[in-house]
Amino acid sequence: MTDVQQFASDNYAGVCPEAWAAMEAANRGHAPAYGDDDWTQRAADAFRTLFESDCEVFFAFNGTAANSLALASLCQSYHSVICSAAAHVETDECGAPEFFSNGSKLLVAPSTDGKLTPEAVRTVATSRSDIHFPKPRVVTITQPTETGQVYTVAEIQALSAVCRELGLKLHMDGARFAHACASLDASPAELTWKSGVDVLCFGGTKNGMAVGEAVIFFDPALAQDFDYRCKQAGQLASKMRFLSAPWVGMLESGAWLANARHANACATRLAERIAGLPGIELMFPVEANGVFVHAPDPVLAGLRARGWRFYTFIGGGARFMFAWDADPARVEQLAADIRDASTETLAAAA
Ligand SMILES: *Cc1c(COP(=O)(O)O)cnc(C)c1O
């Protein structure tokens, strides 16, 4: 365990005080198992208040399970799910959506920036209508995207209009949904059901919890038997209160939004500090809590030599992700080290 913060992943952070306090409170005494407890009721009610909706709420251990089971609940095995080539469900879930749906195929739509467009959805959904091709049934979008861009309310509405027209359901992978709400200064309701989203997976882990994601159905009919699906997939927690209580802490205190705002602000701070440095380029607009930096290899090596950890799995650039507890002084240190590494590299080349 090190005290020095790294920004390689927003999952490096610990648990925020509000979630921790709720866990601690839930740990006093006994409570009924399998979700039949007051914490779970209170968490579901807090979601209904937050979303201004009588939605159905379920709790899963992680995002892969939440996404996969949500998509499976919308599909028969002969259906297909349209996603962006950059979507986590396609690139980072080890085939779990196909596995849990007994074979519903992901159809990857071309995308220049990781976001789906109505045109791309239409092209894929209408490319075939014969019996030999898996029938398009769902569109899934990631909000914000894997590289930190947000879909505006207008963009979600345009996508959902195409979905309605073509008979498709709209699923949202919101592993960082709070960061999108903070970035757009839009309400959770506006970014989901008011804009035509049918099911949302709302991430708790990257928002400051130890573990846990909520699956939220805005159309109760779509949630039918979802509890059985969770149980069969090993996603029904017997001590459910420890998955649900942290949400009570996050939602009732407003920490879910404050955490996301802070994380986003740290990303913006880094982006501003390194803008215009020679050889350094931002690979994507910074709209949430991540910064993707394209830099010459010697600069990346210089950063590693200065002790920084980061991944380069997207286009060879360095990814920096900020969590609820990102220390602004450490962000400044990273910016200074990027500047130094870039100056050093230029000097060596001269
Ligand atoms: C982190 C993440 C998930 C969930 O990942 P798990 O490791 O399964 O919790 C889902 N979607 C996106 C876009 C993510 O970044």
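These are my notebook entries on cysteines, one tryptophan and one helix pair in a predicted model.

**Cysteines**

I searched the whole structure for disulfides and found 0. I then looked up Cysteine 83. The nearest cysteine sulfur belongs to cysteine 75 and is 11 Å away. A disulfide needs the two sulfurs within 2.5 Å, so cysteine 83 is in no disulfide. Cysteine 83 has a relative accessible area of 0%, so I noted it as buried.

Next came cysteine 181. Its nearest cysteine sulfur is that of cysteine 55, 13 Å away, and cysteine 181 is in no disulfide either. With 2% relative accessibility, cysteine 181 also counts as buried.

**Tryptophan 256**

Where does tryptophan 256 sit? I found it in helix H11, which covers residues 255-274. Is tryptophan 256 buried or exposed? Its relative accessibility is 6%, so it counts as buried.

I listed what tryptophan 256 touches, leaving out residues up to four places away in sequence. Cys181 is among them, and so are Leu50, Ala178, Pro188 and Phe202. I checked alanine 178 further. Its C-alpha lies 6.4 Å from that of tryptophan 256, though the two are 78 residues apart in sequence.

**Helices H2 and H10**

I looked at how H2 (residues 38-50) packs on H10 (residues 241-253). The angle is about 40°, and the axes are 8 Å apart. That angle makes H2 oblique to H10. I recorded the crossing as left-handed.

Which residues make the contact? From H2 they include Trp39, Phe47 and Leu50; from H10 they include Trp247, Val248 and Leu251. I sorted the contact residues into 9 nonpolar, 2 polar and 3 charged. Leu50 and Leu251 also appear in the list for tryptophan 256.

Notes
Residues numbered from 1 in each chain as written. Predicted model: local features only at pLDDT ≥ 70, side-chain atom pairs only at ≥ 80, totals over all residues. Heavy atoms only, no water. Buried < 20%, exposed > 50% of the residue type's maximum accessible area, 1.4 Å probe, protein only. Helix = DSSP H or I, 4+ residues; strand = E, 2+ residues; numbered from the N terminus. Contact = heavy atoms within 4.5 Å. Axes fitted to C-alpha atoms, helices over the stretch in contact; angles between N-to-C directions. Parallel < 35°, antiparallel > 145°, perpendicular 65-115°, else oblique. Left-handed = near helix turned anticlockwise from the far one by under 90°. Nonpolar A, V, L, I, M, F, W, Y, C, P; charged D, E, K, R; others polar.
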